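Dear colleague,

I am handing over the structure below, and my notes on what was found in it follow directly after.

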Amino acid sequence: MNELAKELAARYGARDWHDRRGDLSSTVVDPIRLHDTLAWLKDSAGYAHLSFATAVDNIERGVFTLTYTVRNHEQGHSLMVHADVDRANPVVDSIHLLWGQGWTYQREMKEWFGIDFPGSPRVDEEFVLEGWEGPPMMRRDFDSLAYSDATYEGRPGRVTHDPATRMQERLYPEAGK
Amino acid sequence: MRRQNEHVIPPETRATPDLSSGKYLVMWQGPQHPGITGNMSLRLVADGDTVVDCETHVGYLHRGFEKLMERRLWMQNFPLVCRIAVPEPDFNEYCYAAALEELAGVTVPEKAVWLRTLSLEMIRLASFLMWIGGQAGAFGHGTIAQWSVTMRDYVLDLFEELSGGRIYHMYIIPGGVRGDVPDGFLDHVLETMQVIKKNLDDIELVMFHNAVFKMRAVGLGYIPPDWVDKYGITGPNARSAGVARDLRKDLGYLAYPQLDFKLITGGRSDAFERAELRLAEMYQSIDLIRQIVARMPKDGPFRERLPNPLHWKIPAGETYVAAECTRGEYGFYVVSDGGDKPRRVAVRGPSYTHAVSVMERLVRGVNIADVAGLMVSLHTYPPEIER
Amino acid sequence: MDIKDFIAPFAVWKRAFEKPFTVKKPIDERPGAPRYRGFHINDADKCVGCGTCEAICMNRAIDLVPVEGRDAKEGDSGLRPRVDYGRCCWCALCVDICPSGSLNMSNEYVWIDSDPDVFRYTPGVEPKPWDGSALGYRRAEGYRLLDGTRVPMPELDHHEAVKSFLELVRGWSREQAEKEADRCVSCGLCIASCPAHMEIPGYIKAVRDGDLETGLRLLYQTNPFPEACGRICTHRCEEACSIGTDGDPVAIRWLKRYIADQVELADYSKALPRKEASSGKRVAIVGAGPGGLSAAYYLALLGHEVTVHEKDEAAGGMLRYGIPEYRLPYPALDKDIGYIESLGVKIERGAPVGEGRSLASLRERFDAVFLSTGLPAAYGLDVPGEKHPRVLDGVAVLAAATRGQVLGLGARVAVVGGGNVAMDAARTALRNGASVDILYRRREEDMPADPDEIREAKAEGARLVEKAIPLEVKDAGGKARFVWNEATMVQKEAGKRPVPEPIPGAIHEEIYDSVISAIGQGPELSYIAEADGVEIRRFKPVVDRDGLATAAGKAPVFAGGDLVNDRKDAISAIADGHRAASAIDRLLSGKGA
Amino acid sequence: MSDKKIIPAPLANEGLPPDERGLFCDAAPREYEPARGIMEDFANWARSESLWILGFGTGCGAIELRPLMTSRFDMYRYGIQPRPTPRQSSVFVIGGYASVKTLKRIVRSYEQMMGPKFVVALGSCTINGGMYWDSYNTIKRIDQYIPVDVYITGCMPRPEALLAGFQELKKIIRAGRAEGQNEYARNFEWFKANQKKVIKDWNMPDYNW
Amino acid sequence: MNTASFQETLDFAIGRERAAVEFYRELTGKAAFAAQKSALAEFMAMEEGHVAMLTGMKSRGAVNLSPGAAVDLGLARRLAAEEEPTAAMDFQDILVAAIKKEERSGDLYRSLVAAALDPDVKAIFERLEAEESRHKRYFEELYETQVARDN
């Protein structure tokens, strides 16, 4: 696969090639070259099958890391193409013309992370949510439990006790730290 | 004979019917509709009896698994993942476990490998059995479901005996499996396979040699081979289009490289042939199950000991583990930041493409009455779309 | 399409003559499979209320609730898991992880009600039809989520060990310690059993996380002797450990030692709290053992000026003079003491309190006094001939060994007693080349010594003579002829431990070069004069919960350690010292008693 | 049955475009008035013996309805059968968790069902959130939004448990204690308020009858 | 019962207990520090209590001592108090002295029981013997738990 790595590096400035497994590698490109990289992989390198596309919120670095996993069935090899996009202004070129299902992934990423793919069909429509008023919920700073507790009423009457605290209360209550 | 072997390729671009013209009917099929698989909906625009445009709407079953998984410990996610796809929970269990094992550098004992394979083949059979009932039912053929769902139940009985659960087996745990086979279990498996095989023969006769089914299914939903890569089609849908891809062969995971089976492909690529192909795969599953029972090691450990699940941390890394489920490529993309919880887990279900992009396109030009049959013939399952 | 396509479907009709698939009475005829994951069952007596089930439950379906008739006790929180079937997903991870194995599942699966609030119950406590169900999910044999086996501790080979005073227990590597720390489920049952109530789950977590400075800080919150306690603590915590209910308890003591060993003394001050500003108050401490120095540490931290008066030439008390080097090497002890001294604690060595330095004078010069003089005086055998010159006292032998004196025990040594002093004396004698008999009045299982010590003493070659009641020591040409009566254990009173009863005529004797008596120790209290007005009962100063003694006069007198408590171990003395320090601080700073 | 009939103000149907408001009912539901004595007993018996389930698989619980509907467990022999439309159905089976998007359809479908109607809730999720207790998209207790007559706990409850649940429902119906529908009428405003709290885009009639 | 012999018996017993008080008083005289004195004072107070109890019985004419003897742990026969306790006496010395003393008292009453002809007098001696055995047991228990902890 090293030839592919070199080729990608030369053509699209791909870097950080890792062989994760015998049949799985990953590499990183700039988001601006993401579309072209994928197009080349699909049309010229045999990576014609898009397994999935998704994003990871790397909030610490202030980026969303997009992951497009493409597979070359002839060579039995999958490649994860990563691209970091700015969390503050996440806009990426759409791949809906490359793959027929691309727009669905992009709708998902738009709704779940707030990453925009201008031109992608129905990208601004709600995908799985309806009437959602919160922030994109797959972002790391969205607290699902807090939202759930604030929005949906649970059944009252649950109380639990910490064993260590309970034992202190019952066995050595005088020990106040 | 309508549509016999005639390959109508639906238009690539969406129709833009003038809805105010009064010529078209906008109707919703689902979520509360017997002709829809699972809980999703289609917004159909019909010109007379013919669908001219379709929009899929998903999310009725969205529970936010991927978010919930980021909140739970690695091991705590093990009971959660199987809920992503109810008819085939084991593929979730396997992919999740395998991804974790790969990231943590754990090797699973041989016995567990075989038990996992057995589990996956059994659920494949069960899932297909349920599907075939739905496929027949969608064309008004209720008898098949009366048989096949019972046959599926027999497989579930086996799972109950093996794992303690009927629907959610929670058997394939990271590190291996949760227990060895109980006494007499393998005999029960073989007996059940015998019963199911006999029943499949009946189904073959009654369903596939049925004029009604033939008339409605032949030629319906033709998928051209070039769509396979274009739309990311996998599984029987792709194989029926003549594309010989099966991850059991391609990836060679679990005990599959040691099992003897042939890739089944077709070429006519319509609803009828997809059904035929799945029937053949059911027979193949029975055969594989028999092979597994015969060749599985009798003794040995079934689980590798892992660190304390309450503190288990997995080294930073990412991986994508896929397996061939009944519908195609099922995969888990798992990212660890070195902590005790996943950084990100993304689930790739085959319905993601089949039930949305492919469905929306295939349904253009189809008779309203065939929409349900077409959808079932793609073998879709909404929860794996929306998770 | 051919004719078959029209005829074949009629094959359905043949089914009319076959046995139907239908189950006649589904609810009655189909019990769950033997492994079925149905409703929970719990053996409430086996359960220790550790809450590990609650911790693993990703649904937060389990609450730990108090149960009537079951109060907390050591090793059992008295709480029991209560399952919310509005949450449960029947994954049975709680069963898989349950440390005691008390939690299981029945194969029962029908529970129907119109009231949604009823689906909660405490298995094993609230009766249910499926209680005691023999079928249902159990952990498969050979399958556990937790590790019941302790990481082996590298130790010197016993044949090697007896040749020198090198430390026997070698300590863990980072990998080993982290692996052992991983076994802990952080239930905290151990905290109550520790006399000092150390933050055990916290420092074990620190080991796991590799954050040893946090670990050290947590240790010093309640115990300024981590090096010593990490080696010789009686580790009652490990008896309470929930993992120990079905497996080896987590090696809490060794993990403590690991933390203290790994942090250099020079780095202590980075991790540990700084002294508060000087309060201007002065506290005198009598006895530089673990109790006295612990009090000194916490008082010094609070800004008080502390002077410790120690009769011996070195500090450490029994830790130094009573515990042999191979169990607690002096550099380790010096590290603990060194850090305490680095806070400005003054230790006046070789300065016994009594004549010339009376308690009364201390009470005049200081604002408070803490007595922690321990049990330095060995009790005699109290048999005829006990004054024979070859009858030695165990404490003195150990102290002499510490001082590096020639022991001259001879080739054959008898050690009388079954406590840790006896084991230490025996093993010291072994290291001096003697062959050793340990004579104990009861049985091995009755021995108060730490089981590890007994095991090691035997492994090193000591012979254990059980049920030996000492009768007399006679002279045998300068050696000691030790006479004992063999006993039989008689259960004289119900509920009390059996009593050794001499077997008439079963008299044995043996000639030894030395007989070491280690039957028990008493306090040395002659320094407390009547005029001090300290209330003493049965050779113990009478103290309240904080260690405050009843005493006339102005400067308050506190006491702690072996002198007053019944547990008579280092960790209890440390706890006493800490408690007294807090009380003294409250008194001196006027924060109320 | 309370003597006091609460007749709330006409429903505004504010979620609908003005021209559609008139298409829907603008009155709140009312309590059912039972017939007298034996007539009502007879009616209850008849109702209990023909439980028609709305074929709406709202969650994963629907999967265990398949074996129930087919030959192995054969629910038809108990007078239970699935129906494709709310108008024909008398029993609504809530198959576990309900996402907000589905809850909206549940409310609508429930309201469209003819009385007397009953609700059976399956699984932990309907009782107290189940394993989705911390999800941003699923409600925790279905009884906040529609009244429930019988709960069957389990995950998933087996077909046998479902049958046992239906038998229990029959008993309740025969005893005239299946009050869910009346509860909905009595506490209509409370239910509506709860529904509107979580269903943010309320673009449907306030009472879909 | 013969009143005179009852009174005589009690007088005798009171005399014994007074002697015991005296025994502790003498030891206290030798004591050098507070701890010894407090232990001796405690034991002495116990004997004084007996004197008071027996004196009370004498006037009320009733014997309310329970007859059950305590279990003998057998320490007295074994422990050798070779010498009288000295000024340096520790808790062990004091306890051994006390156990020995109680043992001697018990032995005396036992011989009196054997010698007594009047069954009532015999009964009183038996009870007194039992009482002494309980004392001894108490001291033996203290010895076992406080002194010979490790043996």
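Between chain C and chain E, 34 residues of chain C are in contact with 25 residues of chain E, two residues being in contact if their C-beta atoms, placed from the backbone, lie within 7 Å. Helix 19 (420-431), strand 18 (499-512) and strand 21 (536-537) each supply at least two residues of the side of chain C that touches chain E; helices (H or I, at least four residues) and strands (E, at least two) are DSSP runs, numbered from the N terminus. That side of chain C divides into 19 nonpolar, 7 polar and 8 charged residues, where Ala, Val, Leu, Ile, Met, Phe, Trp, Tyr, Cys and Pro count as nonpolar, Asp, Glu, Lys and Arg as charged, and the others, Gly among them, as polar.

Please note that this is a predicted model, in which local features need pLDDT of at least 70 and side-chain atom pairs count only at pLDDT 80 or more, while totals for chains, interfaces and linings use all residues. Residues are numbered from 1 along each chain as its sequence is written, and chains are lettered from A and ligands numbered from 1 in the order in which they are written.

Turning to the other chain pairs, 15 residues of chain A are in contact with 18 residues of chain D, and the side of chain A that touches chain D has 5 nonpolar, 6 polar and 4 charged residues. Chain E does not touch chain B, their nearest C-alpha atoms being 40 Å apart, nor does chain E touch chain D, where the nearest C-alpha atoms are 56 Å apart.

With regards
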